[in-house]
Amino acid sequence: MALKITVIGTGYLGATHAAAMAELGFEVLALDVVREKIEMLERGETPMYEPGLEELLRRHVAGFEGSSGRLRFTQDWAEVGAFGDVHFVCVNTPQKRGEYACDMSYVESAIASLAPHLERPALVVGKSTVPVGSADRLARTITELAPAGEDAELAWNPEFLREGFAVQDTLHPDRIVVGVRSERAERTLREVYAGPVGEGSPFVVTDFPTSELVKTSANSFLATKISFINAMAEVCEAAGGDVAMLAEAIGYDDRIGKKFLRAGIGFGGGCLPKDIRAFMARAGELGADQALTFLREIDSINMRQRGQMVELARQALGGGSFLGKRVAVLGATFKPDSDDVRDSPALNVAGQIHLQGGQVTVYDPKGMDNARRVFPTLGYADTALDAVRGADVVLHLTEWREFRELDPAALGEVATARLILDGRNALDPVLWRKAGWTYRAMGRPTA
Ligand code: UDX
């Protein structure tokens, strides 16, 4: 009998995971406590923009013509408990307000709601990013609350998907990491992931704490790479060097690698910033805070980049105040191919300039609705050209392909001044300069 799978939480991670499990051939029942989310997904729509996800959903959500019908939704915990052999917990763990630690309440409440309905042998699999030690605690809760007792087990299986590549990363992961306490749990997860493992994804079997730490340390390493190159950008700026050339040259060393060495306004989003902070908070609780003090510096280098972009814009405009200056901002999301503006460096820079009196007009290919919601007082335009119309300076803050394909000559016709600041080191300086623009980027020479 094929395993039956449930997915708890249908946000970013859960919706993608549920659709991917159906794609792998499993019957899937997904639960969310928010009715509207489920209703959207049942219509084959997603609350967020993620390339390929709606198509994948429509291939499997029951009710679509031609769908496999393998993916259904519910709000009934008893139905979930009765249906599933494997229950994936995919709820989010946001940063607590005013604290570094992450908020575990969604995970805890998911486990507390599910466990009393586990009447037969089942494997609960945590995918959320949690502080190390959580799995051990949650395993005890499950044993206490589940009628099946010891037969209801926990495993930890962190998720490494990137926004914009969620479908690809879930179906063809770089690696699958599972923290297990029994051979049965390992066997079950090998069965779940037989497809991707058969196609070459490495399968790493480990204990609870290591599996939890793999996720937070991977994100810390990525954050460190970005802040490292941004620190180099500051030095290049001071010394007259070119950080883009530097990144290319050090990246040829296989041990360093080329990826995640793009200097600019730094990292944002729902993961990297909160994960490094929660990691520091947890290390403090464990008495290991000394080991992670460097992450404080990684965080502060990152936050400094945003202020430096604002400063670069002020200097480029003559060094005075922003009052009366028209500033076009290209990009609002924290990265391209996403509509996510959580902790977005782009929106933060736009907001700072606005608060200092600049007349800011933002355009983003997919993030306009979310940006308007978060920052309603900024100006918004429907196209890049409209945002740039009449601008004294143009700020490129999220590296969408659409912006790389812009025609600098056409934009030059409508801008008041041909002055572009590239906060992502992603545009071609030669192209812009040829069209008469002054091009400036962080950590690169002026001409
Ligand atoms: C990240 C991890 O990559 C992923 O493995 C994990 O599961 C969740 O967190 P994501 O938040 O989708 O994924 O974004 P990512 O692609 O890592 O980018 C994070 C931020 O870093 C973005 O704001 C991006 O613009 C910035 N970044 C990335 C840089 O500033 N420079 C770079 O070279 C790379």
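Which elements do the buried residues of α3 pack against?

**View 1. Helix α3 and its neighbours in the predicted model.** The buried residues of α3 pack against α1 (12-23), α2 (35-42), β3 (71-74) and α7 (166-171). On the helix itself, which spans residues 53-60, the buried set is L53, L56, L57 and H60. These residues sit on the same side of α3, because they cover an arc of only 100 degrees around the axis.

**View 2. The two domains, side by side.** Here the chain splits into domain 1 (4-206) and domain 2 (207-447). Going by C-alpha atoms, the centres of domain 1 and domain 2 are 32 Å apart.

**View 3. Where domain 1 meets domain 2.** Zoom in on the contact and you'll find 25 residues of domain 1 touching 26 residues of domain 2. On the domain 1 side, α6 (134-145) and β7 (176-179) are the elements that give two or more residues. That side of domain 1 is made up of 16 nonpolar, 7 polar and 2 charged residues.

**View 4. The ligand and its shell.** Now for the ligand, which has 19 residues around it. The ones that come nearest are E163, R262, F267, G269 and C271. Helix α10 (residues 208-239) supplies the largest share of the shell, with 3 residues. Sorted by class, the shell holds 10 nonpolar, 5 polar and 4 charged residues. Both domain 1 (4-206) and domain 2 (207-447) give residues to this shell, so the ligand lies between them.

Methods:
Residues numbered from 1 in each chain as written. Predicted model: local features only at pLDDT ≥ 70, side-chain atom pairs only at ≥ 80, totals over all residues. Domains from an automatic or database assignment. Contact = placed C-beta atoms within 7 Å. Helix = DSSP H or I, 4+ residues; strand = E, 2+ residues; numbered from the N terminus. Nonpolar A, V, L, I, M, F, W, Y, C, P; charged D, E, K, R; others polar. Near = placed C-beta within 6 Å. Buried ≥ 20, exposed ≤ 12 C-beta atoms within 10 Å, placed from the backbone. Arc of directions from axis to C-beta.
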